[in-house]
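Biologist: Could you walk me through the aromatic rings in this one, please?
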Amino acid sequence: MDVTPTAVRQSSPAEDEIFAALASPVRREVLRLLRERGPQSVQELASCFSMARPSFSEHLRVLREAGLVSERRDGRRRLYRLEPVPLVRVRDWLDPYERFWRDRLSALRHLLDDTEITDTGTTDTGTGAGGHPHDSGSGHRTDQNEERP
């Protein structure tokens, strides 16, 4: 029985390469180092990892082919630098999911707030000024104005 959805959106080969490159913790760490420290030589990057140089070079090749890093020669050294454009594609891909969860959490917050109003209007249990067990006694909840993802 085929369980493949009929309206499967096919990702582009470049998008697949980006996500495959990001699947490795080593490659994500290389991107973090380049983001925080700027362009670095292969030697500088490799010194942060305990692996054989050919293995590390393979990680750099995958990142380069996915467009996540660029390489330029500086004399005998090869410098690698983070390329942010492919990460915009990742953000664009994740954006609808972020909105989905933000909407769901907002609906849950409204439901809980409505439930709290109903509960506090019926009896005072002595659990705080608002009658809610999580109230600090100040009469307002501290998380109501917080930005949530």
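Modeller: We can go through the ring pairs and then how exposed they are.

This is a predicted model, in which local features need pLDDT of at least 70, side-chain atom pairs count only at pLDDT 80 or more, and totals for chains, interfaces and linings use all residues. Residues are numbered from 1 along each chain as its sequence is written, and side-chain values use heavy atoms, with hydrogens and water left out.

Biologist: How many aromatic pairs does a search of the whole structure find?
Modeller: The search finds three, where rings of Phe, Tyr and Trp (its six-membered ring) pair if their centres lie within 6.5 Å, and planes under 30 degrees apart count as stacked, over 60 as edge-to-face and the rest as tilted. One of them joins F19 and W93 edge-to-face, at 5.1 Å centre to centre with 65 degrees between the planes.

Biologist: Which parts does that pair tie together?
Modeller: F19 lies in helix α1 (residues 13-22) and W93 in helix α5 (residues 85-122), so the pair ties together parts 74 residues apart in sequence. Helices here are DSSP runs (H or I, at least four residues), numbered from the N terminus.

Biologist: Is W93 buried or exposed?
Modeller: W93 is partly exposed at 32% relative accessibility, a class between buried (under 20% relative accessible area) and exposed (over 50%), using a 1.4 Å probe and protein chains only. F19 is also partly exposed, at 29%.

Biologist: And what about W93 and Y97?
Modeller: Their ring centres are 5.1 Å apart with planes at 40 degrees, so that pair is tilted. Ring pairs link F19, W93 and Y97 into a cluster.

Conventions: Helix = DSSP H or I, 4+ residues; strand = E, 2+ residues; numbered from the N terminus.
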